[in-house]
Amino acid sequence: MKKSVLNLCLLLSASAWAAPVDVLSPDGRLKVVSEISDGRPVYSVTYDGKSILEKSPLGIKSDVGDLSSDMSLVESKRGQVSKSFDQDKIKKSHIEYKANQLITTLKNRKGQALDIEWLVSDNDIAFRYLIPCQGDTGAMVINEEVTGFRFPKETTVFLTSQSDAMIGWKRTKPSYEEFYITDAPLDSPSKFGQGFTFPALFRVGDDGWALLTETGVDGYYCASHLTDYKDGVFSIAYPMPEENNGNGTTAPGISLPGATPWRTITVADNLAPIVETTIPWNVVEPRYETMRPARPGRGTWSWIVWQDNSMNMDDQKTFIDLAADLGYEHILIDAGWDKNIGYDRMPELLGYAKSKGVRPALWYSSSGHWNDIVQSPINKMDRPIVRKKEMKWLRDNGVECIKVDFFGGDKQETMRLYEDILSDAADYGIDVIFHGCTLPRGWERMYPNHVGSEAVFASENLIFEDIFCEMEAFHATLHPFIRNSVALMEYGGTFFNKHMSRDNKSGWKRRTGDGFEIATAVLFQNPVQNFAITPNNLTDTPADAISFMKEVPTTWDDTKLIDGYPGKYVVLARRNGNKWYIAGVNALKTPVKLKLDLSSLGTVSGSATILADEKGKDLKAKTIKIKNTKSVPVEILPDGGFVMIAE
């Protein structure tokens with residue numbers, strides 16, 4: 001009898017809240033509608049009244065119960081969120097975030113509850129599941145998220161595939177290093193049948209754009225990706241069982257009450273809000289304090305061009321000297337230093353760097369038990385006892401940054417390793433760059449000493465295969481709209497060698513101009529930039545290009561998209577202090593002639609300095625007059641680029 005009364009109460013409550021509930025952005029243009037359809041929670045999204053997402057599924061399935069079907073909406077609460085913070089590692093240094101909040105409470109017939117929290121700002125949606133204790137049950141394994149994204153059928157996609165597990169170099173994948181499809185049909189299959197990685201960009205015909213990703217992922221959850229398009233929906237997918245050599249579970253386990261990471265959707269009728277979004281950082285908070293702020297800066301890096309044979313004392317001193325000549329703050333000493341130079345001689349090298357005013361960063365493998373990596377040091381970062389011992393040695397020898405490589409997985413166990421490395425490093429005053437890794441999901445703000453992550457086809461691929469040289473410009477026009485729009489991106493580019501080799505005569509030939517290469521130093525955002533400049537470039541590269549690379553910043557106060565289309569061309573402006581750096585590159589086979597509207601940059605007027613690729617001419621700085629900020633003419637050659645500096 002009591003059970004019947006409970007069910008009746010739930011049904012009566014549900015009938016009172018059966019109507020859809022909506023939440024709008026502060027400007028009223030973006031709208032989310034949440035409702036129950038045949039017992040299943042769904043949501044839809046419109047922008048200026050135009051459909052961006054049609055009714056899409058919500059909910060989770062767990063070992064405790066199914067919270068995706070036979071559900072009723074029993075309560076909704078509304079509020080506002082306002083936040084102001086400074087952040088020196090992302091595309092803007094000061095953030096003002098205002099969003100309208102909606103929390104809906106759902107229950108199934110067993111009385112098991114699930115809250116869904118929505119935050120809707122002017123161009124961004126963030127939502128997550130809040131899971132209360134289920135009676136006396138205080139722990140849950142979430143076996144599946146039903147969360148999906150149903151786009152209108154005219155939508156085209158800009159996506160990169162999730163790799164199979166345990167393939168690629170030394171069985172280290174997935175590592176977010178696959179090719180993109182662009183403007184492809186909605187039902188385009190992924191390369192491996194494993195779906196697509198975040199972030200994911202969608203063009204909804206002529207009605208708008210949407211960028212999907214997630215943020216707030218830490219050691220309490222796994223990272224996720226999108227399934228292939230099936231039954232009209234892209235759904236959330238968890239890691240594959242084979243990742244990290246089978247170590248760890250695919251389904252995250254959480255304590256109750258608990259919360260999932262945020263799924264985010266950036267929506268607009270143009271690409272500027274996509275490029276300029278700060279939603280991955282707006283909804284997270286720092287997890288700890290560090291003894292000092294992170295140290296952004298520029299660095300040299302022998303390995304990227306001179307490769308493994310450069311890992312010796314003399315060559316590393318040469319690149320320390322190069323960093324000093326360029327006025328750079330860092331040098332990255334890559335894999336094999338422990339064997340080729342040795343722990344006993346490293347204090348000499350590190351002392352030499354200190355004498356030159358250059359801070360060294362040392363490379364490490366993440367582990368040795370879930371891949372076949374032999375590059376060393378290995379087995380120094382995967383367990384706390386040996387890791388803390390190593391970090392004490394680093395601190396005692398003046399090393400303030402490490403680069404940890406070859407993770408290859410998105411399981412909860414791997415997320416814990418990322419977090420543990422960052423946390424331990426913070427205790428020893430060490431900044432961390434990740435390579436061969438997952439997409440950082442809000443980590444720039446969550447972990448104050450996180451200063452870089454690869455998770456992209458980065459510069460090393462230009463050395464390995466000619467196809468990457470052929471596609472360098474194409475990839476460069478994608479990253480500002482997709483990969484680099486949601487997280488820092490440790491690319492390691494700006495090549496001046498004409499050939500991808502130490503002698504600058506052999507190896508794959510660079511297709512891009514010097515103006516293109518300096519433009520990527522602005523287009524690709526990461527607080528620690530390790531550039532591919534080599535000692536010979538000081539004399540065989542146009543002097544104005546080197547002068548620019550001596551002054552280019554790596555942190556930015558503001559970012560604005562000026563023009564572009566992913567896969568074709570892009571013009572982006574970043575501000576450092578009172579200087580705007582406007583950079584553009586072209587992936588098309590014909591020149592792009594533009595009249596740039598720079599009025600959004602504020603007081604830019606008068607004269608500006610421009611360095612641009614010109615046919616048959618070396619790169620040279622020129623002064624131009626800006627007569628009309630709404631119409632500044634530029635021409636970008638195929639595989640070419642430019643940088644304009646204005647105040």
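A cavity is a set of grid points where a 1.4 Å probe fits but cannot get out, while a pocket is an open set with protein on both sides. Keep that pair of words in mind as you look at this structure, which is a predicted model.

**Empty space inside**

How many cavities of 30 Å³ or more are there? By this rule, the count comes to seven. The largest cavity has a volume of about 90 Å³, and 14 residues line it. If you want to find its centre, look for Thr160, Tyr176, Tyr180, Ala455 and Val456, the lining residues that lie nearest to it.

Now for the largest pocket, which holds about 650 Å³ of space. Its lining is made of 30 residues, and the closest to the centre are Trp169, Glu177, Phe406, Glu460 and Phe464. Two elements give two or more residues each to this lining: strand 25 (401–405) and helix 11 (460–464). Which of the elements gives the most to the lining of the largest pocket? That is helix 11, with three residues.

Here's how the two linings break down by residue type:

| Space | Nonpolar | Polar | Charged |
|---|---|---|---|
| Largest pocket | eleven residues | eight residues | eleven residues |
| Largest cavity | seven residues | four residues | three residues |

**Two open sheets**

Time to switch from gaps to strands. Strands of a sheet pair through backbone hydrogen bonds, either parallel or antiparallel.

One open sheet here has four strands in the order 1-2-3-4, with antiparallel pairing. Strand 1 (21–24) and strand 4 (50–57) stand at its edges; each has a single partner strand, so one side of each is left without a neighbour in the sheet. Going from one strand to the next, the twist averages 15°. To see a pairing up close, follow strand 3 (residues 40–47) alongside strand 4: the two run antiparallel and are joined over five bridges. Tyr43 is a handy landmark, as this residue stands opposite Ser56 in strand 4.

Another open sheet has three strands, ordered 12-18-17, and its pairing is antiparallel too. Why do strand 12 (148–149) and strand 17 (225–226) each have one side without a neighbour in the sheet? Both stand at the edges with a single partner strand each, so there is nothing from the sheet on the other side. Strand 17 pairs with strand 18 (residues 234–237) in the antiparallel sense, over two bridges. You can spot this pairing by picking out His225, whose bridge partner in strand 18 is Ala237.

Key:
Residues are numbered from 1 along each chain as its sequence is written. This is a predicted model: local features need pLDDT of at least 70, side-chain atom pairs count only at pLDDT 80 or more; totals for chains, interfaces and linings use all residues. Side-chain values use heavy atoms; hydrogens and water are left out. On a 1 Å grid over the protein atoms alone, a cavity is a set of points where a 1.4 Å probe fits but cannot get out, and a pocket is an open set with protein on both sides within 12 Å along at least five of seven lines; lining residues have an atom within 4 Å of a point. Grid points are joined across faces, edges and corners, and a volume is the space filled by probe spheres set on the points. Ala, Val, Leu, Ile, Met, Phe, Trp, Tyr, Cys and Pro count as nonpolar, Asp, Glu, Lys and Arg as charged, and the others, Gly among them, as polar. Two strands pair if DSSP finds at least two bridges between them. Axes are lines fitted to C-alpha atoms, for helices over the stretch in contact, and angles run from 0 to 180 degrees between N-to-C directions.
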